[in-house]
Amino acid sequence: MAKSPEDEHPHKAFGWAARDPSGLLSPFHFSRRENGDDDVSIKILYCGVCHSDLHMLKNDWGATDYPIVPGHEIVGVVTSVGKNVKKFKAGDEVGVGVIVGSCRNCENCKQDLESYCPKMEYTYNSPAIDGSKNYGGYSDKIVVDQHFVVRFPKNLALDAGAPLLCAGITVYSPMKYFGMTEPGKHLGVAGLGGLGHVAVKFGKAFGLKVTVISTSPRKKEEAIDRLGADAFVVSSDPDQLKAAMGTMDYILDTISAVHALDPLISLLNLNGKLVAVGLPNKPVELSLGFLVSGRRLIAGSNFGGLKETQEMLDFCGKHNITADIELIKMDAINSAIERLGKADVKYRFVIDIENSFKSTVQ
């Protein structure tokens with residue numbers, strides 16, 4: 001007979017879980033494994049709320065295994081380490097992102113691209129190496145192999161830094177790989193949400209001219225005055241699109257809703273690159289005319305590997321980059337998920353795990 005989540009492992013844990021496609025979260029008792037020789041045990045302090053959490057909660061991608069404890073933008077403090085762990089010690093402030101395991105032997109893993117490993121192990125809604133289920137960061141503690149733990153720069157706020165572990169690395173990785181970092185070049189950021197607003201900050205730190213592309217005119221002041229973008233294009237305005245046509249070297253498409261790609265591609269100059277990192281839950285349409293006529297490139301990119309994630313965090317520490325967040329308690333998570341579905345957040349919800357669970361009856 002299969003053990004219950006609460007009895008599966010030796011250490012009791014507490015979080016909030018969804019049990020069906022309604023996506024509604026409620027208190028959930030489960031357990032974490034023993035800290036192994038290569039493991040790091042972490043007391044979770046903060047966890048970001050990613051748009052993919054919304055999709056997974058509601059089974060939009062048809063892959064959710066209920067019950068599910070979401071959360072893969074985890075920041076906390078080390079409580080104990082295994083005997084083989086040399087990089088971390090009790091008291092260190094650390095982060096855990098989208099994955100907590102990979103085969104470590106394939107060509108992708110050998111190139112520090114664990115995020116492309118065919119056997120990667122997600123932080124939640126994924127089977128662990130021992131066959132049990134992984135539960136994420138909407139919880140009080142987690143045990144992770146040291147390879148998949150990153151060190152947090154001391155000058156970064158832990159709460160506002162949490163979204164960097166998914167939103168941050170998801171935009172940093174393609175910017176680095178596709179050469180979207182050359183000072184003076186022109187970057188378009190399509191979508192001004194959790195990913196997009198961090199992309200604007202990275203773009204400015206790299207010395208790029210940054211234009212935000214959005215369907216919402218009301219975001220113009222925020223994009224320019226608060227986030228430091230150089231320009232703003234309303235993508236539903238034909239005149240503004242025409243004026244910006246052929247002016248951009250790169251576009252980072254962070255939009256998670258179904259949208260037309262042709263208007264974005266038309267903004268690229270000769271040899272321009274559009275890289276998609278958003279994940280709409282339905283296919284998007286693309287005609288090839290704008291690609292062929294301008295020798296333009298369209299590509300996609302996943303989040304980066306662990307080496308690059310640490311590099312990204314160090315870059316953020318150097319340039320003092322964090323996400324703009326709304327800090328919430330766990331008992332507000334269902335209303336936050338509902339607001340996230342309406343894009344009603346600037347720009348990332350982060351759960352104050354420690355203070356939430358101090359006052360929560362477990």
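Okay, let's start in the middle of a sheet: G188 has a bridge partner in strand 13, and that partner is I251. Before I go on, keep in mind that this is a predicted model.

So G188 belongs to strand 10, residues 186–190. On the strand 13 side, 4 bridges join strand 10 to residues 248–253, and the two strands run parallel. Strand 10 also pairs with strand 11, residues 209–214, through 5 bridges, and again the pairing is parallel. If you want one pair to click on there, take L187, whose bridge partner in strand 11 is V210. To get from strand 10 to strand 11, the chain goes through helix 5, residues 194–205, and this β-α-β crossover is right-handed.

Now, is strand 10 enclosed or open? Enclosed, largely, by the rest of the structure, because 5 of its 5 residues are buried. In a regular strand, side chains alternate between the two faces of the sheet. Here both faces are covered: H186, G188 and A190 are buried on one side, and L187 and V189 are buried on the other.

Next stop, helix 11, residues 333–341. Its buried residues include I333, A336, I337 and L340. Looking down the axis, the buried residues of helix 11 fall within an arc of 100°, so they line one face. Turn to the face pointing away from that buried side and you find E338 and G341, which are exposed. What lies over the buried residues? Among the elements covering them are strand 1 (11–18), strand 2 (25–32), strand 3 (39–49) and helix 1 (51–57), along with strand 16 (325–328) and strand 17 (348–352). After helix 11 comes A343, and its phi is positive, near 60°.

Two single residues before I stop. N134 sits in the loop between strand 7 (121–122) and strand 8 (141–145). Is N134 buried or exposed? Buried, because its relative accessible area is 10% and the cut-off for buried is under 20%. Its side chain reaches the backbone oxygen of Y122 at 2.9 Å. Setting aside residues up to four places away in sequence, N134 also touches several others, including V100, E121 and P127.

L270, in strand 14 (residues 268–276), is the other one. L270 counts as exposed, because its relative accessibility is 55% and the cut-off is over 50%. Beyond its neighbours within four places in sequence, L270 is in contact with G294 and R295. And for a sense of scale, L270 and A63 are 39 Å apart, C-alpha to C-alpha, and 207 residues apart in sequence.

Note on methods:
Residues are numbered from 1 along each chain as its sequence is written. This is a predicted model: local features need pLDDT of at least 70, side-chain atom pairs count only at pLDDT 80 or more; totals for chains, interfaces and linings use all residues. Side-chain values use heavy atoms; hydrogens and water are left out. Buried means under 20% relative accessible area, exposed over 50%, partly exposed in between (1.4 Å probe, protein chains only). A polar contact is a pair of N or O atoms within 3.5 Å; within protein, one must be able to donate a hydrogen and the other to accept it, and residues adjacent in sequence count only if both atoms are side-chain atoms. Contact means heavy atoms within 4.5 Å. Two strands pair if DSSP finds at least two bridges between them. A crossover is right-handed if, with the strands pointing away from the viewer, the path from the first strand over the helix to the second runs clockwise. The arc is that of the directions from the helix axis to the C-beta atoms.
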